[in-house]
Amino acid sequence: YRIKVTRSCFCPPPNETNVRIRRGRIVRISVQGWVGPRSVPGMFREVHQAIARGVPELKVKYHPRFGFVQSVWVDNIKMAVDDEIGYGISGFRRHR
């Protein structure tokens, strides 16, 4: 499948990358050194890690048809500024 992963935070660019995954392995990523999830399982990991850390705020949206994590927003420190980070997946396309 192919996806675009975006990152929203108070951090330096790049803030998006395009990824191609085949048989569970990344075969192409447009930004080398990308920091953040690189796949659908990577988005689920972000959610699980945030829950394990007991973050004060966690917002998750799931793809209405396929059920994968479409976006995740994490506030790591309550009442702190610029510690929040969010990731999103768009442009999901299955290989034929």
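Modeller: A salt bridge is a side-chain nitrogen of Lys or Arg within 4 Å of a carboxyl oxygen of Asp or Glu. This is a predicted model in which local features need pLDDT of at least 70 and side-chain atom pairs count only at pLDDT 80 or more, while totals for chains, interfaces and linings use all residues. Residues are numbered from 1 along each chain as its sequence is written, and side-chain values use heavy atoms, without hydrogens and water.

Colleague: Thanks! How many salt bridges does the structure hold?

Modeller: One of them brings together the side chains of E16 and K4. Another is formed by E57 with K59. The total for the structure is two.

Colleague: Which strands hold E16 and K4?

Modeller: Their side chains meet at 3.6 Å, N to O. The two residues are twelve apart, and the pair links distant parts of the chain. With helices (H or I, at least four residues) and strands (E, at least two) taken as DSSP runs numbered from the N terminus, E16 belongs to β2 (residues 16–22) and K4 to β1 (residues 2–9).

Colleague: Is E16 buried, partly exposed or exposed?

Modeller: The classes rest on relative accessible area with a 1.4 Å probe and protein chains only: buried is under 20%, exposed over 50%, partly exposed in between. Its partner K4 stands at 28%, so K4 counts as partly exposed. E16 has a relative accessible area of 40%, which means that E16 is partly exposed.

Colleague: And what is the distance between the closest N and O atoms of E57 and K59?

Modeller: E57 is partly exposed at 30% relative accessible area. K59 falls in the partly exposed class too, with 48%. The closest N and O atoms in this salt bridge are separated by 3.3 Å.

Colleague: Let's turn to the sheet. What is the order of its six strands?

Modeller: Two strands pair if DSSP finds at least two bridges between them. β1 and β6 run antiparallel and are joined by seven bridges, with S8 opposite G86 of β6. β5 is joined to β6 (residues 85–93) by four bridges, again antiparallel. The sheet is open, its pairing is antiparallel, and the order is β3-β2-β1-β6-β5-β4.

Colleague: Which strands stand at the edges?

Modeller: In the order of this open sheet, β3 comes at one end and β4 at the other. Each has a single partner strand, so one side of each lacks a neighbour in the sheet; these edge strands are β3 (25–29) and β4.

Colleague: What is the bridge partner of V72 in β6?

Modeller: V72 is in β5 and is the bridge partner of V60. That bridge fits the antiparallel pairing of β4 (residues 57–62) with β5 (residues 69–75), which spans six bridges. Towards β6, V72 has as its bridge partner Y87.

Colleague: Which residue takes a positive phi in the hairpin of β4 and β5?

Modeller: The hairpin has six residues between its strands. The phi in question is near 80°, and the residue is G67.

Colleague: What is the phi of R23, which is not a glycine?

Modeller: R23 sits in the loop between β2 and β3. Its relative accessible area is 83%, so R23 is exposed. Its phi is positive, at about 55°.

Colleague: Is the peptide bond from P13 to P14 cis or trans?

Modeller: P14 is part of the loop between β1 and β2. Omega for the bond from P13 to P14 is near 10°, and the bond is cis.

Colleague: Which cysteines does the disulfide join?

Modeller: A disulfide is a pair of cysteine sulfur atoms within 2.5 Å, and the search of the whole structure finds one. One partner is partly exposed at 24%, the other at 27%. With S to S at 1.6 Å, the pair is C9 and C11.

Colleague: Finally, which residues is S39 in contact with, leaving aside its neighbours within four places in sequence?

Modeller: S39 lies in the loop between β3 and α1, and at 11% relative accessibility it counts as buried. Its C-alpha atom is 9.4 Å from that of K4, 35 residues away along the chain. Helix α1 (residues 40–53) lies across β1, β4, β5 and β6. Taking contact as heavy atoms within 4.5 Å, S39 touches Y1, I3, I21, R45 and I89.

Key: Axes fitted to C-alpha atoms, helices over the stretch in contact; angles between N-to-C directions.
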